[in-house]
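Thanks, everyone, for making time this morning. I would like to walk you through how the helices and strands of one model are put together, and I will define the terms as they come up.

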Amino acid sequence: MTTFEVQDMTCGHCVRVITDVVLALDPAASVQIDLPSHLVQIESASVEATELADAIVQAGYSPVAPTTSPAMIKTKGGCCCGS
């Protein structure tokens, strides 16, 4: 299981975008998202955590491992709703 904290994920649209990019990489992946805590949990047998993170970054979000410092990965813009 791979877990990311995505602080710039703020609405249902963000959840859908992140889910869609993960499933585009691995249609068999299990994606669990807790929007209030900004946590994304992904179970994938075929895709590495770095590739998942890169896809989320390409979608415009800032995934970080929740056990690391809050240094964010550079993004393209963040949430669509301006939050």
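Let me begin with the two helices, α1 and α2, whose crossing is right-handed, meaning that the near helix is turned clockwise from the far one by less than a right angle, whereas anticlockwise would make the crossing left-handed. Please keep in mind that this is a predicted model, in which local features need pLDDT of at least 70 and side-chain atom pairs count only at pLDDT 80 or more, while totals for chains, interfaces and linings use all residues. Residues are numbered from 1 along each chain as its sequence is written, and side-chain values use heavy atoms, with hydrogens and water left out. Helices (H or I, at least four residues) and strands (E, at least two) are DSSP runs, numbered from the N terminus.

Helix α1 covers residues 12–25 and helix α2 residues 49–58, and they pack at an angle of about 135 degrees with their axes 9 Å apart; axes are lines fitted to C-alpha atoms, for helices over the stretch in contact, and angles run from 0 to 180 degrees between N-to-C directions. The two helices are therefore oblique to each other, given that angles under 35 degrees count as roughly parallel, over 145 as roughly antiparallel, 65 to 115 as roughly perpendicular and the rest as oblique. On the α1 side the contact (heavy atoms within 4.5 Å) is made by Ile-18, Val-21, Val-22 and Leu-25, and on the α2 side by Glu-51, Leu-52, Ala-55 and Ile-56.

Turning to the strands, 4 of them form an open sheet in the order β2-β3-β1-β4, with antiparallel pairing, where two strands pair if DSSP finds at least two bridges between them. At the edges are β2 (30–34) and β4 (63–64), each pairing on one side only. Helix α1 packs on this sheet, touching β1 (2–6), β2 and β3, and its direction makes about 160 degrees with that of β2, whereas α2 lies across β1, β3 and β4 and runs at about 25 degrees to β1.

Which way do the side chains point along β3? They alternate, with Val-40 and Ile-42 pointing to one face and buried (under 20% relative accessible area, with a 1.4 Å probe and protein chains only), while Leu-39, Gln-41 and Glu-43 point to the other face and are not buried. Strand β3 pairs with β2 over 5 bridges, and in that pairing Ile-33 stands opposite Val-40; 4 bridges join β3 to β1, with Ile-42 as the bridge partner of Thr-2.

Terms used: Buried means under 20% relative accessible area, exposed over 50%, partly exposed in between (1.4 Å probe, protein chains only).
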